[in-house]
Amino acid sequence: MREPGRKSQLHSSIAVSALLLAALFLLPLLVVVPFRSALFGREEPVDETEEPPPAPAPAGGGLDASRPLRVLEGEGVLEMDLGTYLVGVVRAEMPASFELEALKAQAVAARTYTLYKLRSGGNHGEDADICTDHTCCQAYLGREAARAGWGEQADAYEARVEAAVRETDGETILYGGVPILAVFHSSSPGLTRAAGEVWVNDLPYLQAVDSPEAGERIPNYYSRVEFTAEELKAKLRSAFPEAELSGGMEHWLSGPAADGAGNVDTVSVGGVSAKGTQVRAALGLRSACFTWEVQEGKMVFFVTGYGHGVGLSQYGAGAMAAAGADYREILTHYYTGVTVEAYRGQDPPHGISSG
C-alpha cells in the first residue's frame, strides 16, 4: 500500500501535466484568433503567370503622334495620327525588303507630301485631309493586309517599316522653311525629270538629277506594249481629237524630242504637238521614256522605268542606300537645294489653303 503523501504528489503531477498539455494546444489559438480575419480572410487571387507584354509603342514619335489626320478610304473617313498613317503609306509605297535608309527616305518624303497637302488645303475640301488613292494622293496599306502579303517575313518587315517612321519623327523636306511638294516615283531611266518637263509649272527643288537604278534587277523596269491600228487610233483620237490619223499608223507619231535618258519631252501626234507625258497617259505606258516601231501589223512601244520621273526615285534610293548613303543624303540628292529637319509649323485649319 502506497503512502498518502506520494499519492498526493502523483495527483499534483498529473494535474500540472494536464494544464501544460492544454496550454500547448490552446496557445496557438490565442495567438491566431485575434488576427484570423487578416490571416484567413478572402483575398483577390494572385495571378502567378508572366506579366503581360507592354502595349506597343505608337507607330510614330511625339511630333507625328501630335498631328491628327482624317484619311479618306473609299466612302469612309478614318481618323488617325500622322505616324500611323505614314506607316501605312510606307508599307504600300516601297518594298519593305529595301535598306532601312531607303525606307527612312520614303517615310520623310511621304510625311513632307502629307504636310504639303495640309498646308495647301488638299483635294478633299472639308471632308478629309488626304486619301488612300495613289492616283490622287498616296497609296496606303493596313497592317493585316500587309502581313498577309509579306508571309513569313511579316514581323521583320513590319518592324522595319515602323522603325523608318519612328526614327525620322517629324523630319520634313523643307525649301525656304516650308514643306515641299515631295513627289516620288518607282524608277527612272538613269535620270529624273524636272517638274516643268512633266507638268505646267517648274519648281526649283524638282529638277533633273542622275539616278543610279540597276535596271536589270528592277521588276517591270523594261516593258513592252502593243496595239492594233484600230486600238491605237481610238486611244489617240480620244486624247487628241484634232489629230490627223489617216494613212498608215507608222506616220501617226513623229518628231520626238527626248532628253539624254530617253524621256520623251514632245512628239507630234497626227500633226498636233503633244507632251510625252500626255501620250504616256493616253496609251497607259509605264513612263514617258519610250520608243516605238511597227511589228507584224501592230505598233509596239518599248518603255523604260516606271512613273512620272519627278522627285525621289524609289529604286534609285534603294541603290543609294545599298551603297552606304543615309536617308538625308538620298533626299538632298533627289530634291535640289532643300534641308531635312524637324518641322513644327502649324497647319492651316482644315480645308483652308495657305495660298
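1. Let me start with the lining of the largest pocket, where helix 5 is the biggest contributor, giving four residues. Please keep in mind throughout that this is a predicted model. The pocket itself has a volume of about 910 Å³. Of the 28 residues that line it, those closest to the centre are Glu 93, His 134, Phe 184, His 185 and His 308. Besides helix 5 (100-120), the elements that supply two or more lining residues are helix 4 (82-93), strand 6 (184-185) and helix 11 (314-322). By residue class, the lining divides into 15 nonpolar, 10 polar and three charged residues.

2. Staying with helix 5, have a look at Thr 114, which is found in that helix. Is Thr 114 buried or exposed? Its relative accessibility is 1%, so Thr 114 counts as buried. The side chain of Thr 114 makes a polar contact of 3.1 Å with the side chain of Gln 138. Gln 138 also appears among the residues in contact with Thr 114 once neighbours within four places in sequence are left aside; the others are Leu 69, Leu 82, Tyr 85, Leu 86 and Ile 130. Across 68 residues of chain, the C-alpha atoms of Thr 114 and Ala 182 are separated by 8.7 Å.

3. Just after helix 5 there is another spot to visit: Ala 128, in the loop between helix 5 and strand 3 (130-131). Ala 128 has a relative accessible area of 1%; the cut-off for buried is under 20%, and Ala 128 is therefore buried even though it sits in a loop. Which residues does Ala 128 contact, leaving aside neighbours within four places in sequence? They are Arg 70, Leu 72 and Val 77. For Arg 70, the C-alpha to C-alpha distance to Ala 128 is 5.0 Å, with their positions 58 residues apart in sequence.

4. Next, Ser 313, which lies in strand 13 (residues 312-313). With a relative accessibility of 0%, Ser 313 counts as buried. Its side chain reaches the backbone nitrogen of Gly 316 at 3.1 Å. Beyond neighbours within four places in sequence, Ser 313 is in contact with His 185, Ser 186, Ser 187, Ser 188, Ser 211, Glu 213 and Tyr 334. One of these partners, His 185, brings us back to the largest pocket, as His 185 is among the residues closest to the pocket centre.

5. The aromatic residues deserve a point of their own: nine aromatic pairs are counted. How are the rings of Trp 150 and Tyr 157 arranged? This pair is edge-to-face, at 5.7 Å centre to centre with 85° between the planes. Trp 150 has a relative accessibility of 16% and so counts as buried; Tyr 157, at 17%, counts as buried too. Trp 292 and Phe 301 form a tilted pair, with 6.4 Å between centres and 40° between planes. Both Trp 292 and Phe 301 are buried. They also belong to a cluster in which ring pairs link Phe 227, Phe 290, Trp 292 and Phe 301.

6. For a change from the buried residues, consider Arg 328, found in helix 12 (residues 327-334). Arg 328 counts as partly exposed because its relative accessibility is 37%. Where does its side chain make a polar contact? It joins the side chain of Tyr 327, at 3.0 Å. Not counting residues up to four places away in sequence, Arg 328 touches Glu 171 and Val 340. The C-alpha atoms of Arg 328 and Ile 173 are 9.3 Å apart, although 155 residues separate the two along the chain.

7. Finally, the overall picture. The secondary structure of the protein comes to 12 helices and 14 strands. Of its 355 residues, 41% count as buried. How many of the contacts between residues at least 6 apart in sequence join residues at least 24 apart? The share is 66%. The contact between Ala 128 and Arg 70, whose positions are 58 residues apart, is a handy example to look at in the model.

Definitions and conventions. Residues numbered from 1 in each chain as written. Predicted model: local features only at pLDDT ≥ 70, side-chain atom pairs only at ≥ 80, totals over all residues. Heavy atoms only, no water. 1 Å grid on protein atoms, 1.4 Å probe; cavity = no way out; pocket = protein on both sides within 12 Å on 5 of 7 lines; lining within 4 Å. Points joined across faces, edges and corners; volume = space filled by probe spheres on them. Nonpolar A, V, L, I, M, F, W, Y, C, P; charged D, E, K, R; others polar. Buried < 20%, exposed > 50% of the residue type's maximum accessible area, 1.4 Å probe, protein only. Polar contact = N/O pair within 3.5 Å; in protein donor to acceptor, adjacent residues only side chain to side chain. Contact = heavy atoms within 4.5 Å. Phe/Tyr/Trp six-rings, centres within 6.5 Å; stacked < 30°, edge-to-face > 60°.
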